[in-house]
Each structure stands twice: as C-alpha cells, then as structure tokens.
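Let's take a friendly walk through this model, moving from ring to ring and on to what lies around them. Have the structure open and follow along.

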Amino acid sequence: MSSSDLQTILNSMAILGAFLLAGLFLRAKVPLFRKLLIPASVIGGFVGLLLGPQILGLTGVRLFSEEWIQVWTLQPSILMIPIFASIPLCNFKSGKKDSRRSKRHACTIFMEGGLGGAVFAVQMLLGVGLALFIGKLLPSLYPYNNFGCEMVFGFNGGHALAGLLGGLLMENGKDYWEVAQSVGCTYSTIGLLGGIITGIIFINRAIRKGQAAVVKESAKLDETMTYGFTKDVEKQDSVGRETTHNSAINAITVHVALLLIVSYLGYVLSTLFTNMGWEFLSALPAYIWAMMIAYPINWLLNQLELGWLFDAKIKNGVVAVCTDFAIVAAMASMDIAAVIMYLLPICIISAVAFVVTYYITFGLFKLFMPDDYPFERAIIFYGLNTGVSATGITLLRIIDPDFSTPSMEDFSLANAFMNIKDVIFVPVYLSLIAVGTPVQLMGWAALEMLAMYAVAVAAKLVDNREKKKLVQNR
C-alpha cells in the first residue's frame, strides 16, 4: 500500500463525515425526518447516493472518484470487526452482589427471551422460503443462492448488518456480494422506517383502547429525541469516565487499542482456519471470531480486576462512530440498479414479514403475559425485530417515558439471554449463507424457532406452577 492509497482512504472518509453532518442538519430542518426518527447516518447515506455516480453521475457530473466509491463499498465489512468485537467487552462485575430474583421473575425473562429470540428464525424462514416460492413463479427474480436472507439482517440489525452480509459473501468469494449488500440496505431502510411508523400507530391505537399501562393520551415524541440533540448544555450526557490521565494516555485511546487488538486476533484466527482448509469454520468472517475471542479476553480482564480501566460508555461511543460510518458508507455505495430489479420480491417479503412479526410479537406476549404489561413488553421487541435495539427503546419511551414499568429492565436481561443464544446459532447461519443451501438454512431456522418457543413454553409452565403455589399458600 502506498501513501496515495492511504490518502484516498482519508479523503473518502472525510466525505463520509461531511455526509453525516449533512444528515444531522437535514434531520433538524426537515419535520418529516424528525417525525420518522431517521438517523443522520441514513439521511447522509442518501445524500451520498444522490450525489454519487448512480444518480448525479448520470448527468455527466462526477464528484467522487471510483477509488472513493470502492472504499465506501468495502468499509462496512471492515468496520463490522470492531463492532462485533465490542459486544462482550467492558461487561464487568460491579462487585456488588445482586439481590436474589424470584423464580417467577426468571420465568418472565426466559419467556421474553424465547418469544423475542424466535422472531429472527421465523423471519429467516419467511425470507428464504418466500424468495424460493417467488423464484419458482418468476425464475429471473431469484438471482443467487440464499436470496431472501437479506431481509432478516435488515430487519434485525439495520444498515450495519447489511455490511456484515456483504463482507461475509465477499470473504467467501461470492461475486454477488455487492448486490446482496445493497438489497440488505434496502430492507434495513424499509424495516427502520416501517418499524417506527407502524410502532407509533400501534401505540396510539393501544392508548385509545386502554391497553397502555402508563400513557393515557395521544403519544408525543420528546424534542431532544426527534431533533437528535439538545442545545441545553446542562441536559447533555457525559461520554464516559476518564479512566486514564491525558498525561499518560487518553482514555478513548485505551478503548480503541483494545478493540483493535481483539479485531486483529479475530482476523488471525479466521486466516488460520482458511489456511487449514476447514470449510465450515473458514466460512465464518473475522468479526465472528473477534467476538468469540472477546469473551475470554473480557473474562481475563475481569479476573485481573481491570474493570476500572475500561468504561462501557466510552466503548459504546467508539463503536457508535464505527456504526455511523459503516451505515453512511453502505447507503452511499448502494447498487440502485440491483435494488430496482429485485424491488418486487423485496416489497412482497417485507410486507409479509411486517404482518407476521406483528402477530407473533403482540399476540404471543399477550397470550403468555396477559396481566404483566404485555403491550409495553411487546413494543420494544417489535422495534428490535424491525430495526435495531434503539428503535425498540425509542418506541418504549413513547409509551413508558420514565421506564416506570419493568419492561426496559426485563428487556435488558432477556437480551443478554438472546445474545448467548446468538453465539450458538448465528455462526451456523453465516456458514450456511456462505456455503450452504436454502433448505439447510431454513432447517436451521426451524430448529432455532422450535428451541426458542420451547424455552418460552417451559418458562410459562414453571411460572404457572409458581403462581399456583402462591395462591395455595395464602
């Protein structure tokens, strides 16, 4: 690599930074963007797409070089490595013993984790299965192996995971990886906007029907949430603890260094499996191995009592930077022609996914927890399974502004269980997407779905037994 290559990377990143600031400005100025809570990174990505070779370039005006576009296309898959590596890091024991939770509360957590965790598998069955069905009717619309899985990544992780899918296929030598990444970005946009819009509709309908436990009048969004910032310095949050003194090393530098080290170790392990010719393991990208390595590293740091050196808020801030740049890069480098070509199956699969996600979320939460804030618990998982965690939390804040119900706390605990589940199931999904068949992928999704619903049913049965005991003891 020459100095000109590094300069190209720097220049292209600078333009992405300009897109991000443009996105922040447009969100503050355009009421529709505020109402839909569209992230600045997505708005900025659309700005980049409009000014890029696929739209403005058709007029003969070329603002960006081809090298810059190539950097943007590759960037999401690279940035996913530190993003995934960060998941287990900086999760340290506080040193205080938690009060013992009741068995019924544990049942609630497992019911939530089972019901919420099964949605990913259901959506995988829908996406891949519907794509196969459409491909039978219109063979030209089934362009490559495992087409349809992009919906699941778009609806369960947003635009950043579209880069994950593209990187996975690129590392496994699939020539359609850019198309899959663009299709994934399209699903992400549909899921993000659709999740917010339908979520707010469901919230206001629940208020009218008296199904909301806290808010009793039409739901309104907080100004800070809609604008994405506050000018009141007193209300601005802190980035995190200054764990080190600048005379030695900046605290942010410490966290960046940790993430880079873990990311490098993940890349080394991925390369090792590739060189050994282990197809199933080598199919997994470096970011999965970085996440796997991060678990024992976090355990070791905890055993060495180094929790004081690392702060979760600073780590999250560093990861947020990676995520914002990954999203704006993925959006700005989308393949418009591919999206237009496959727009019909994308719309059909998205519509069915929204309907099914709605019924299996709100319907099952009401069935399993009819007297324990079922709507508040369901809305956060609905947002999660149509966009990202922030979508679900935003919807919950509308219906439960002060988190006065146990929904937020229990979601955090259930999400921890779902993360453990993902460590088992997601690597297999990724390997099957890279080297497996649609039938194998759907079979694994069916297994996960049955396992998660079995957890929820078992938790419900135990909860009913404990409830009966309490009644008998009175």
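## A buried tyrosine and its partner

Tyr-144 is buried in this predicted model, with a relative accessible area of 8%. Tyr-176 is buried too, at 14%. Both values fall under the 20% cut-off for burial.

How many aromatic pairs are there in the model? The count comes to 24 aromatic pairs. In one of them, the ring centres of Tyr-144 and Tyr-176 lie 4.4 Å apart with 5 degrees between the planes, so this pair is stacked. The pair links distant parts of the chain, 32 residues apart: Tyr-144 sits in the loop between α5 (103-137) and α6 (150-155), and Tyr-176 in the loop between α7 (159-171) and α8 (177-208).

## More aromatic rings

Now turn to Phe-273 and Trp-289, an aromatic pair of the tilted kind. Their centres are 4.8 Å apart and their planes meet at 45 degrees. Phe-273 belongs to helix α10 (residues 251-276) and Trp-289 to helix α12 (residues 286-303), so the pair ties together parts that are 16 residues apart in sequence. Both Phe-273 and Trp-289 are buried.

Which residues do ring pairs link into a cluster? The members are Phe-202, Tyr-358, Tyr-359, Phe-362, Phe-375 and Tyr-382.

## The cavity

A probe the size of a water molecule, rolled over the atoms, shows where empty space is left. Here the search gives 1 cavity of 30 Å³ or more, and the space in the largest cavity is about 30 Å³.

Both rings of the stacked pair return here, since Tyr-144 and Tyr-176 are in the lining of the largest cavity. They share that lining with Asn-145, Asn-146, Cys-149, Glu-150, Leu-165, Leu-169, Ala-180 and Ile-433. By type, the lining divides into 7 nonpolar residues, 2 polar and 1 charged.

## Two residues with positive phi

Most residues other than glycine have a negative phi. Asn-146, one of the cavity-lining residues, has a positive phi of about 65 degrees although it is not a glycine. Asn-146 is located in the loop between α5 and α6. Is Asn-146 buried or exposed? With a relative accessible area of 1%, Asn-146 is buried.

Tyr-373 also has a positive phi, near 55 degrees. You will find Tyr-373 in the loop between α15 (343-368) and α16 (374-384). Tyr-373 is partly exposed, with a relative accessible area of 32%; that value lies between the 20% and 50% cut-offs.

## The nonpolar core

In soluble globular proteins, nonpolar side chains tend to be buried together. The largest nonpolar core in this model holds 140 residues, and Phe-84, Met-124, Tyr-287 and Leu-430 touch the most other members. Which helix gives the most to this core? It is α5, with 15 residues.

Phe-84 is worth a look with its neighbours displayed. Leaving out residues up to four places away in sequence, Phe-84 touches Leu-161, Leu-164, Tyr-287, Ile-288 and Met-291. Tyr-287 is therefore both a contact of Phe-84 and one of the core residues that touch the most other members.

## Three buried residues and their contacts

Pro-285 lies in the loop between α11 (279-282) and α12, and is buried at 1% relative accessible area. Beyond its neighbours within four places in sequence, Pro-285 is in contact with Leu-168, Glu-171, Ser-270 and Leu-430. The C-alpha atoms of Pro-285 and Asn-172 are separated by 8.5 Å, while the two residues are 113 residues apart along the chain.

Ser-86 is placed in the loop between α4 (66-85) and α5, and its 4% relative accessibility counts as buried. Setting aside residues up to four places away in sequence, Ser-86 touches Leu-259, Lys-315 and Val-319. Ala-251, in helix α10, is buried with a relative accessible area of 2%. With the same sequence neighbours left out, Ala-251 touches Arg-241, Glu-242, Thr-243, Thr-244 and Ile-314. From Ala-251 to Phe-310 the C-alpha distance is 8.1 Å, and these residues are 59 residues apart in sequence.

Technical notes
Residues numbered from 1 in each chain as written. Predicted model: local features only at pLDDT ≥ 70, side-chain atom pairs only at ≥ 80, totals over all residues. Heavy atoms only, no water. Phe/Tyr/Trp six-rings, centres within 6.5 Å; stacked < 30°, edge-to-face > 60°. Helix = DSSP H or I, 4+ residues; strand = E, 2+ residues; numbered from the N terminus. Buried < 20%, exposed > 50% of the residue type's maximum accessible area, 1.4 Å probe, protein only. 1 Å grid on protein atoms, 1.4 Å probe; cavity = no way out; pocket = protein on both sides within 12 Å on 5 of 7 lines; lining within 4 Å. Points joined across faces, edges and corners; volume = space filled by probe spheres on them. Nonpolar A, V, L, I, M, F, W, Y, C, P; charged D, E, K, R; others polar. Core = buried A, V, L, I, M, F, W, Y, C linked by side-chain atoms within 4.5 Å. Contact = heavy atoms within 4.5 Å.
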